[in-house]
Amino acid sequence: MEEQILNSVIQAVKSLYGADVDKSALSLGKTKKEFTGDLTLVVFPLLKVSRQKPEDTAEAIGAYLKQNCPQVADYNVIKGFLNLSLAQACWVDTLNAIDADSNFGFKPVTESSPLYMVEYSSPNTNKPLHLGHLRNNLLGFSLSKILEANGYKVVKTNIVNDRGIHICKSMIAWLKHGNGATPESTGIKGDHLVGDYYVAFDKDYKAQIKELMEKGLSEDEAKAQAPIIKEAQEMLRKWEAGDAEVRALWQKMNNWVYAGFDETYKRMGVGFDKIYYESDTYLVGKKKVEEGLEKGIFYRRPDGSVWADLTKDGLDEKLLLRSDGTSVYMTQDIGTATLRFSDYNIDKMIYVVGNEQNYHFQVLSLLLDKLGFSFGKDLVHFSYGMVELPEGKMKSREGTVVDSDDLMDEMVTTATQISKELGKLDGLTEKEIADTCEIIGMGALKYFLLKVDPRKNMVFNPKESIDFNGNTGPFIQYTYARIKSVLRKAEESGVVISDLQADLQLSDKEAGLVQTLAAFPAVVAQAGVEYSPSQIANYIYDLVKQYNQFYHDFQILKEENEALRSFRLVLSRNVAKVISRGMSLLGIQVPEKM
RNA sequence: GGUUCCGUAGCUCAGCUGGAUAGAGCAACAGCCUUCUAAGCUGUGGGUCUCGGGUUCGAAUCCCGACGGGAUCACCA
């Protein structure tokens, strides 16, 4: 629609002023609501070729379009702005096309589609997931859906940090204090149980540090010499050496954690196509680094440690292998990348990782490039901001970490409370009520985290909790349920939807809704280019807001003009369709009733 | 200090590939349910878009500088 009008404008300029203008030089946008019209052309850029005053230029182009472009029914000029009113038939045609398109807004994935791998989640196995992980998981999942909707093959992947000193700490504490406790014996979810021992370790460690400092050691000395940290380090050495007992305990406790994570992931509605474990990839990374060393890309210091010199690239020197030969985070990421690119034919690798690791990925990109991986320099670090509390960062020491399982529980409980108060779900079965409240509570949480620009830090206030009114998930879900209710009633009462008539007289609100619906594909495309779920969220909110105004101002089923009633039903049906498709890109479900 | 991201209403956020009088939600106040779901709709108040320069017919948006805040620059991950 806009394309056609742009072409007509180009024609107009050619015919009126004999000049060729490029489409990109034209600015055609939605007309602001305080002016009449649907689309607005800004004519200032055309003054160079028209050599006339803005008003005259706009007037001339407007007259030409009205004359020669069937879509343009009328126009008005205000200063340098040419407001175009489109023919009613345009809206009907557009709505018909949307209605007929069962895959509206999405591009199909084909055999020849590029393959995008999206890494997200990437938990440590020593503690349960918190609010920050929640943002990560929802962003990663949503991004994957958006990329799929843009016609890319997507492989969702997770790298589990299952080895290292952190898990050894939990293991040591469990051996000391656990008395053989298991998730079964305690009834505690596996990831939480292991997390409890991680906390217990820290408590012991702190106590020992304090004791040593009282004996006159410096803080650094105390930290290094505390017996419990030495035990953990010793355990890590045994793990690396393949000690059977340590490995068995490690396996056991990690499995508890995985069972817990699986439950959490399932509830969040996220999943993975391929999971990598650091314990499998770190050796590959080590090998790659050694190869790089032989090729002279890296160098070894006298103490045996291996480094990359990135000072020529404007960065610092980076450690790749410790002097004792063990690997660091970067080494593992090199290994993981190596494995992934041998497993899949990856065209684009996207890492969903917090912005605190910007430097890490800058370095990773350079190192992969130096090692000869063609994908190195164009890997994408999807860098998102932190979730903070009103008083600042979450701190485990101060017990302010918001646990994701607890938060999901709270959201669903709140949804249940509100539903009961409003009596919205009376008459449904217990199961239906529970399912609906799950959808609403999770919808509120997900929308809250996804509606803000991923790059920005965001604030979560636990006291005020998450709203269910206004710009929220439930508001959108509610609108959907309302539409479904109308559509159900239409069906029950045998209302027939006739073919839409081209000469319908539509209100501004109706035409505006069609215009907004028609923008959905462009929004999906833009969200794909910019890797931005928030653009989808903001679009849906805008659509829903408009629809609610329409719903308030107009009758649908009670409209006596049959042609108009049909139009409104088809309009409503497609608003529901776009809400549902848009929300699916955010990983949010919509309820039939609420 | 180097690098980097950010600064819009009391609060949480849109808008940022330059376009008309900067928008929502929350909170406050005032209205709207005998009519398709009031988790809704309507209205009121609330702003030197951190500040200062520059580019432009036009700047919240682009450039430079200052100020303020976050992140990072580990033989942690």
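The expected span of a helix is taken here as 1.5 Å times one less than its number of residues. Helix α4 (residues 88–100) is a handy case: its 13 residues should span 18 Å at 1.5 Å a residue, and its end C-alpha atoms sit 19 Å apart, which agrees. Helices are DSSP runs of H or I with at least four residues, strands are E runs of at least two, and both are numbered from the N terminus.

The model is predicted, so local features need pLDDT of at least 70 and side-chain atom pairs count only at pLDDT 80 or more, while totals for chains, interfaces and linings use all residues. Residues are numbered from 1 along each chain as its sequence is written, chains are lettered from A and ligands numbered from 1 in the order in which they are written, and side-chain values use heavy atoms, with hydrogens and water left out.

On the whole-chain level, chain A comes out with 21 helices and 14 strands. Its C-alpha atoms fill a box of roughly 90 × 65 × 45 Å along the principal axes. Of the 594 residues, 52% are buried, where buried means under 20% relative accessible area, exposed means over 50%, and partly exposed covers what lies in between (1.4 Å probe, protein chains only). Chain A exposes about 27800 Å², with carbon and sulfur atoms supplying 49% of that area; the areas come from the Shrake-Rupley method with a 1.4 Å probe, and for residues only the protein chains shown count as cover. Contacts (heavy atoms within 4.5 Å) tell a long-range story: among those between residues at least 6 apart in sequence, 75% join residues at least 24 apart.

As for charges, the mean positions of the 70 positive and 82 negative ones in chain A are 2 Å apart. Lys and Arg count as positive and Asp and Glu as negative, with His and the chain ends not counted; each charge is placed at NZ of Lys, CZ of Arg, CG of Asp or CD of Glu. Side chains of opposite charge can pair when their charged atoms come close. The structure holds 25 salt bridges, each being a side-chain nitrogen of Lys or Arg within 4 Å of a carboxyl oxygen of Asp or Glu.

Three of these pairs are worth spelling out. Asp20 bridges to Lys14, with the closest N and O atoms 3.3 Å apart; Asp20 is exposed at 61% relative accessible area, and Lys14 is partly exposed at 43%. Arg163 pairs with Glu278, the closest N and O atoms being 3.8 Å apart. Arg163 lies in the loop between β6 (153–160) and α6 (165–177) and Glu278 in helix α12 (residues 278–294), so this pair ties together parts that are 115 residues apart in sequence. Arg163 is buried at 6% relative accessibility, and Glu278 is buried at 6%. In the third pair, Asp202 meets Lys206 with the closest N and O atoms 2.7 Å apart. Asp202 and Lys206 are four residues apart in helix α8 (residues 190–214), hence separated by about one helical turn. Asp202 is partly exposed at 31%, and Lys206 is partly exposed at 41%. Shared partners also join Arg163, Glu240 and Glu278 into one salt-bridge network.

Back to helix packing. The buried residues of α4 are Cys90, Trp91, Val92, Thr94, Leu95 and Ile98, and they pack against β4 (81–86), α18 (508–518) and α21. Leu585 is placed in that last helix, α21 (residues 562–585), and is buried, at 2% relative accessible area. The C-alpha atoms of Leu585 and Ala149 are separated by 8.0 Å, although the two are 436 residues apart along the chain. Leaving out residues up to four places away in sequence, Leu585 touches Phe106, Ser142, Lys145, Ile146, Ala149, Val524 and Ile536.

Helix α15 (residues 404–422) has 19 residues and reaches 27 Å from its first C-alpha to its last, close to the expected 27 Å. Its buried residues include Leu407, Met408, Met411 and Val412, and the cover over the buried residues of α15 includes α5 (131–149), α8, α11 (244–268) and α16 (430–450).

Finally, some backbone oddities. Most residues other than glycine have a negative phi. Arg51, in the loop between α2 (47–50) and α3 (54–68), has a positive phi near 55 degrees and is exposed at 74% relative accessibility. Asn179, in the loop between α6 and α7 (183–186), has a positive phi near 50 degrees and is exposed at 77%.
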